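Student: I would like to learn how to read a protein model step by step. Could you take me through this one slowly?

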Amino acid sequence: MGFSPSFSCSAIGALILGCLLLQASNSNAQLRPDFYFGTCPFVFDIIGNIIVDELQTDPRIAASLLRLHFHDCFVRGCDASILLDNSTSFRTEKDAAPNANSARGFNVIDRMKVALERACPGRVSCADILTIASQISVLLSGGPWWPVPLGRRDSVEAFFALANTALPSPFFNLTQLKTAFADVGLNRTSDLVALSGGHTFGRAQCQFVTPRLYNFNGTNSPDPSLNPTYLVELRRLCPQNGNGTVLVNFDVVTPDAFDSQYYTNLRNGKGLIQSDQELFSTPGADTIPLVNQYSSDMSVFFRAFIDAMIRMGNLRPLTGTQGEIRQNCRVVNPRIRVVENDDGVVSSI
C-alpha cells in the first residue's frame with residue numbers, strides 16, 4: 001500500500017517501541033535498537049509525526065529521506081556528513097555531483113532536529129535521525145519495519161571529494177555498480193539488488209535518463225534494453241534537449257508505494273535509469289535470479305532489504321566519544337576554548 005493520511009503515527013511509535021523491546025537483546029554492543037529508551041523515548045514519534053505531516057504536501061519526501069541516508073552512508077560511513085553546509089574547514093557534500101540540485105529533504109531533517117532538541121537536548125545525533133527517518137519513511141510507504149541499530153554520533157567534517165567518487169552513478173554498468181558497493185563493504189550481490197529496490201518509489205530528473213533514450217553509450221540510438229512502449233513514454237516526458245530537471249517516476253505502476261513492483265518493471269524493460277536496468281539486462285548476471293525472486297515474492301525482497309539496510313547502517317559508525325552530537329545538523333558544534341589572560345583570569349571563548 002502507499003501512504004495514507006489516516007495512518008496513525010502514535011500507532012507507529014507503539015509498534016516500533018514494542019518490537020524494539022523484543023529485539024534489544026539481539027543487538028551488538030556498539031549500536032542497539034533501544035539506545036534512546038531512557039534518554040529520548042519519544043524519538044520515533046517525533047520523527048514519524050514530522051514525516052506524516054510532510055507527506056501531506058510532498059509525496060516525494062519518503063523516498064528523498066531514504067536517499068539521504070544512502071548517500072550519507074556511502075561517504076565515510078553513516079555519520080551525517082552529508083548534512084553539513086560549507087565551512088572554512090571543508091566543502092559541503094551537497095555540492096558534489098551526485099547531490100547537487102538533487103539531494104533533498106534537508107529542511108525536513110532540520111525540523112526533526114529542532115523538535116528533538118526541545119524534547120531531549122543533546123541526545124539524538126543527526127546520523128541517527130537520518131537512519132530512523134529512512135526506516136519510518138519506508139514503513140509509511142507500505143514497506144517493512146526493522147529494528148534500527150542506534151547510537152551513532154556525527155562527523156565533524158564533510159567529504160566533498162569522496163562524495164564525487166564513492167556514490168554510484170545512474171550511468172554505471174553492473175561491474176561498476178558492484179565495485180562501488182564492494183568498496184564500502186557491501187560486497188554481497190543481495191546488498192546491491194535489495195538496496196537498489198529503494199527505487200521502487202520516488203522520482204529522478206530527466207538529465208539522468210535522457211542519454212539512454214537518444215544516445216546510449218555514444219551509439220546515437222536508445223538503450224536496446226528499454227521496453228519500446230516505455231521508450232516512447234519516456235521520450236515524451238524527457239524530450240531531447242529538453243528541461244533536464246523535469247521529474248519522472250522511478251516506478252510507473254505504484255510510484256509512491258514501497259513494494260516489489262520495481263523488480264517486475266526491470267523484468268519488463270521498464271527500469272528508469274541505466275544502473276537499475278543493468279541488474280536484469282546484463283547477460284548472465286548473478287543479479288538476474290534475485291530480480292526474479294524479489295519480483296515474485298515481496299516478502300523475500302522485504303527480508304533482503306532489511307538485512308541490507310542494517311548492514312549499510314553499520315558502515316563505519318562513529319560511536320562512544322568519537323565525533324559529536326550536533327546541536328544543528330548543518331554545522332559543527334562551536335568549540336569552547338579556555339584561555340587565561342595576563343591577569344590570570346580564566347575565560348571560555
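Tutor: Let us begin with the record: UniProt positions are given in the numbering used here, feature names are shortened, and annotations may be inferred rather than shown by experiment. With that in mind, the record from UniProt places the feature "binding site" at Pro168. Please also remember that what you see is a predicted model.

Student: Where in the chain is Pro168 found, and which residues does Pro168 touch?

Tutor: To place a residue, we name the helices or strands on either side, and Pro168 is found in the loop between α6 (160–166) and α7. Contact means heavy atoms within 4.5 Å. Not counting residues up to four places away in sequence, Pro168 touches Phe70, Phe74, Leu177, Ala180 and Phe181.

Student: The UniProt annotation "binding site" also covers His199. Is His199 buried or exposed, or something in between?

Tutor: Buried means under 20% relative accessible area, exposed means over 50%, and partly exposed lies in between. His199 counts as partly exposed, because its relative accessibility is 25%. His199 lies in the loop between α8 (189–196) and β1 (203–205), and, leaving aside its neighbours within four places in sequence, His199 is in contact with Phe250, Asp251, Tyr262, Ile273 and Asp276.

Student: How many residues of α8 are buried, and what covers them?

Tutor: A helix can be read by asking which of its residues are covered and by what. In α8, six of its eight residues are buried, so that the helix is mostly covered. Those buried residues are Asp191, Leu192, Val193, Ala194, Leu195 and Ser196, and what covers them includes α3, α7 (174–183), α11 (261–267), α12 (274–281), α13 (288–296) and α14 (298–313).

Student: How many helices and strands are there in the chain, and what share of its residues is buried?

Tutor: The chain has 14 helices and four strands, and buried residues make up 53% of its 349 residues. Another way to view the whole chain is through its contacts: of those with a separation of 6 or more, 75% are accounted for by residues 24 or more positions apart. As for the surface, the chain exposes about 15100 Å², and carbon and sulfur atoms supply 52% of that area.

Student: Another record entry concerns Gln30; which feature does UniProt place there?

Tutor: The feature that UniProt places at Gln30 is "modified residue: Pyrrolidone carboxylic acid". In the model, Gln30 is found in the loop between α1 (9–23) and α2 (43–55). Leaving aside its neighbours within four places in sequence, Gln30 is in contact with Leu150 and Thr319, and a polar contact of 3.2 Å joins the side chains of Gln30 and Thr319.

Student: Which side chain makes a polar contact with the side chain of Asp58?

Tutor: The side chain of Asp58 makes a polar contact with the side chain of Arg104, at 2.8 Å. Asp58 is found in the loop between α2 and α3, and Asp58 counts as buried because its relative accessible area is 15%.

Student: What should I look for among the aromatic rings?

Tutor: Rings of Phe, Tyr and Trp pair if their centres lie within 6.5 Å, and by this rule the count comes to 15 aromatic pairs. Ring pairs link Trp146, Phe201, Phe258, Tyr262, Tyr263, Tyr294, Phe301, Phe302 and Phe305 into a cluster, and Tyr262 in that cluster is also one of the contacts of His199. A ring can have a charge over it as well: the charged end of Arg91 sits over the ring of Phe160, 4.1 Å from its centre, while the charged end of Lys94 sits over the ring of Phe106, 4.4 Å from its centre.

Student: Which values of phi deserve a second look in Arg76 and Asn217?

Tutor: Here we look for a positive value in a residue other than glycine: phi of Arg76 is near 65°, and phi of Asn217 is near 50°. Arg76 has its place in the loop between α3 (61–73) and α4 (106–119), and is partly exposed because its relative accessible area is 35%. Asn217 is found in the loop between α9 (210–214) and α10 (228–237), and counts as exposed because its relative accessible area is 60%. Finally, Asn217 and Phe171 are 46 residues apart in sequence, and their C-alpha atoms are 9.4 Å apart in space.

Technical notes. Residues are numbered from 1 along each chain as its sequence is written. This is a predicted model: local features need pLDDT of at least 70, side-chain atom pairs count only at pLDDT 80 or more; totals for chains, interfaces and linings use all residues. Side-chain values use heavy atoms; hydrogens and water are left out. Helices (H or I, at least four residues) and strands (E, at least two) are DSSP runs, numbered from the N terminus. A polar contact is a pair of N or O atoms within 3.5 Å; within protein, one must be able to donate a hydrogen and the other to accept it, and residues adjacent in sequence count only if both atoms are side-chain atoms. Buried means under 20% relative accessible area, exposed over 50%, partly exposed in between (1.4 Å probe, protein chains only). Accessible areas come from the Shrake-Rupley method with a 1.4 Å probe; for residues, only the protein chains shown count as cover. Rings of Phe, Tyr and Trp (its six-membered ring) pair if their centres lie within 6.5 Å; planes under 30 degrees apart count as stacked, over 60 as edge-to-face and the rest as tilted. A charge sits over a ring if NZ of Lys or CZ of Arg is within 6 Å of the ring centre and within 35 degrees of the ring normal.
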